[in-house]
Amino acid sequence: MEHLINLDLDVFVLSRMKQFRTMNKLKKAALKEMFKSMDIDNSGTITFEELKAGLPKLGTKVSESEVRQLMEAVYLWEFSILQLWYHRLEPTYSYIKQLGGWD
């Protein structure tokens, strides 16, 4: 009986994990489409003006100051990520430098 309970739980967990993966793929696809719709000049980045014009088209009412806050939050997040990457990679770069650089 206990074996059947574990089997049911395993099937349930696998099913939920598959649903989660599918939802993540859908969310990524939706975010990609939202990004494309706002990136007017197809530069691969969204400027303040593009974000300010794009959010209302998606049904989001925001003031100019809220758009500025959003842009600042994104910049801060990107800076934090870059700092984390640097601190993770810095020992590798130091080691390569000690060896005399790249071959």
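A patch, on this tour, is made of residues with over 30% relative accessible area and no salt bridge, with nonpolar side chains joined within 5 Å. Keep in mind as you click that this is a predicted model.

**Stop 1: the surface patch.** Select Phe12, Val13, Leu14 and Met17. Together these residues make a nonpolar surface patch of about 400 Å². Now pick Leu14 alone and show the ribbon: Leu14 sits in helix 1, which covers residues 2-38.

**Stop 2: the cavity.** Next, select Ser37, Met38, Ile40, Glu50, Ala53, Gly54 and Lys57, the residues that line the largest cavity. The structure holds 1 cavity of 30 Å³ or more, and the volume of the largest cavity is about 40 Å³. Which helices each supply at least two residues of this lining? Colour helix 1 and helix 2 (48-57) to see them. Helix 2 gives the largest share, with 4 residues. Try colouring the lining by class as well: you should find 3 nonpolar, 2 polar and 2 charged residues.

**Stop 3: the pocket.** Move on to the largest pocket, which holds about 450 Å³ of space. Its lining has 15 residues, and those closest to the pocket centre are Phe35, Ile46, Leu51, Met71 and Val74, so select these five to find your way.

Then show helix 1, helix 2 and helix 3 (64-98), since each supplies at least two residues of the pocket lining. Helix 3 provides the largest share here, 6 residues. To finish, colour the pocket lining by class: 12 residues are nonpolar, 2 are polar and 1 is charged.

Conventions: Residues numbered from 1 in each chain as written. Predicted model: local features only at pLDDT ≥ 70, side-chain atom pairs only at ≥ 80, totals over all residues. Heavy atoms only, no water. Patch = residues over 30% accessible without salt bridge, like charges linked within 9 Å, V, L, I, M, F, W, Y side chains within 5 Å. Areas by Shrake-Rupley, 256 points an atom, 1.4 Å probe, with all protein chains shown as cover. Salt bridge = Lys/Arg side-chain N within 4 Å of Asp/Glu carboxyl O. 1 Å grid on protein atoms, 1.4 Å probe; cavity = no way out; pocket = protein on both sides within 12 Å on 5 of 7 lines; lining within 4 Å. Points joined across faces, edges and corners; volume = space filled by probe spheres on them. Nonpolar A, V, L, I, M, F, W, Y, C, P; charged D, E, K, R; others polar.
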